[in-house]
Amino acid sequence: MFTERVVSGMRPTGALHLGHYHGALKNWVRLQSEHPCLFFVADWHALTTHYDSPDVIERNVWDMVVDWLAAGIDPQQSVLFIQSRVPEHAELHLLLSMSTPLGWLERVPTYKDQQEKLSDRDLATYGFLGYPLLQAADILMYRAAWVPVGEDQVPHIEITREIARRFNHLFGREPGFEDKAREAVKKLGSKRAKLYQELRTRYQEQGDDDALAQGRELLELAQNLGMADRERLFGWLEGSRKIILAEPQALLTEASRMPGIDGQKMSKSYGNAIAMREAPESVTKKIRTMPTDPARVRRTDPGDPQRCPVWQLHQVYSDDDTRDWVQKGCRSAGIGCLECKQPVIDAIIAEQQQFHERAQPYLDDPSLLRNIVADGCEKARKMAQETMRDVREAMGLSYD
């Protein structure tokens, strides 16, 4: 790997809800203190399914970025940018499409799944078919080591790895590659050069995965290597050709099924969501009117928390003592449903208070938001231009 970069993005759907926070953003906040992170607004991806209604995209972009900042994403630690403002994404997508087999795209599980779920839309377009390839370009552009995903998204990372592997195989045929690699080894210094050769032998002759990991770490820490030499030595270590596009790994995130106010998974399309920055009185009303265990017709009827959607919220927001109080009180009819709901209301409103506080400066002065994104786009584009310089050269498109 070139760095320990993490890359992830979201389609702009507007203001985010608590499911987005607990399912992704909370994890992003943690990752930004552990890795160099790039988080992008995937506005081109929004067009793959809603190409006929682009008028809402701009508003959705800014609403979503405000929610990222409200969640605790720190622009001093992470690079925040908009996909369409880094046109190199489109160029890499185009160039990758020249060598990506059509069958690879058609077999992505979400391709047919989304066609069935969105049967009301005409998705017989290349944009929709090529969605995984554009997603691969988004990741490979930044030579990411990690992509945080849930289990259902792992196939997208696998096809990204296959696309990178095929590209490197086709275009990593550098004239005099081994001679240049040997010269690059000398730049490590005699001690590190010897260790590199030992690790390379152990991996290629014995299949020692630990040796491969140690070799990668050695190269990542080498300060005196240029990008081209680093690429060569990564490729030579693995016994392959020059590595132009690094293969990312899926960083599985803990599954977090945030329930909506009807007990189903929280989703705007289900009409059961609570926005991250919803007004306290609206949150209170939604929770107080949530359905509960149908067996509790009267206040004196005992209930079963396992049959109650509110219990699912307690599992997210309540501590052990509160959950124990709910279990005993519900089963004995010692507490009523409104009493049971109040700790959840209090916990959600307390959580959202920090979201409101973090978001307010950007609502008061939108230029702060624009400046953060402009700065992030500039940083992302510099990284993207570096990658595309190598890609163009490998494909014979560098005419300087």
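User: Where is Gly-23 found?

Analyst: Gly-23 is found in helix H1. A helix here is a DSSP run of H or I with at least four residues, a strand is a run of E with at least two, and both are numbered from the N terminus. The model is predicted, so local features need pLDDT of at least 70 and side-chain atom pairs count only at pLDDT 80 or more, while totals for chains, interfaces and linings use all residues. Residues are numbered from 1 along each chain as its sequence is written, and side-chain values use heavy atoms, with hydrogens and water left out.

User: What makes Gly-23 count as partly exposed?

Analyst: Its relative accessibility is 30%. Buried means under 20% relative accessible area and exposed means over 50%, with partly exposed in between (1.4 Å probe, protein chains only). Gly-23 therefore counts as partly exposed. Its C-alpha atom is separated by 8.2 Å from that of Glu-254, 231 residues away along the chain.

User: How do you know that the span of H1 agrees with its number of residues?

Analyst: H1 covers residues 18-31, which is 14 residues. The expected span is 1.5 Å times one less than the number of residues. That gives 20 Å, and the end C-alpha atoms are 19 Å apart, so the two agree.

User: Where is the kink in H1 centred?

Analyst: On Ala-24, with an angle of about 40°. The bend at a residue is the angle between axes fitted to the seven residues ending there and the seven starting there.

User: Which residues of H1 are buried?

Analyst: The buried ones are Leu-18, Gly-19, Tyr-21, His-22, Leu-25, Asn-27, Trp-28 and Leu-31. As background, an α-helix has 3.6 residues a turn, so residues three or four places apart point the same way.

User: Why does Tyr-21 count as buried?

Analyst: Its relative accessibility is 9%, so Tyr-21 counts as buried.

User: How many aromatic pairs does a search of the whole structure find?

Analyst: Seven. One of them joins Tyr-21 and Phe-355.

User: What kind of aromatic pair do Tyr-21 and Phe-355 form?

Analyst: Rings of Phe, Tyr and Trp (its six-membered ring) pair if their centres lie within 6.5 Å; planes under 30 degrees apart count as stacked, over 60 as edge-to-face and the rest as tilted. Here the centres are 4.9 Å apart and the planes make 65°, which is edge-to-face. Tyr-21 lies in H1 and Phe-355 in helix H17 (residues 337-364), so the pair ties together parts 334 residues apart in sequence. Phe-355 has a relative accessible area of 0%, so this residue is buried.

User: Why is the pair of Trp-28 and Trp-68 called edge-to-face?

Analyst: The ring centres are 5.2 Å apart and the planes stand at 75°, so the pair is edge-to-face. Trp-28 lies in H1 and Trp-68 in helix H3, so parts 40 residues apart in sequence are tied together. Both Trp-28 and Trp-68 are buried. Ring pairs also link Trp-28, Phe-39 and Trp-68 into a cluster.

User: Which residues have the most contacts inside the largest nonpolar core?

Analyst: Trp-68 and Ile-287, in a core of 88 residues. Helix H3 (residues 57-71) gives the largest share of this core, 10 residues. A nonpolar core is a set of buried Ala, Val, Leu, Ile, Met, Phe, Trp, Tyr and Cys residues joined through side-chain atoms within 4.5 Å. A second, separate core has 17 residues, including Leu-188 and Leu-233.

User: What makes Arg-200 a charge over the ring of Trp-236?

Analyst: The rule asks for NZ of Lys or CZ of Arg within 6 Å of the ring centre and within 35 degrees of the ring normal. Arg-200 lies over the face of Trp-236, 3.7 Å from the ring centre.

User: Why is helix H8 called largely enclosed?

Analyst: H8 covers residues 131-140, and 10 of its 10 residues are buried, so the rest of the structure largely encloses this helix.

User: Where does Arg-143 lie?

Analyst: In the loop between H8 and strand S4 (146-149). Its phi is near 50°, a positive value in a residue other than glycine. Most residues other than glycine have a negative phi. With a relative accessible area of 1%, Arg-143 is buried.
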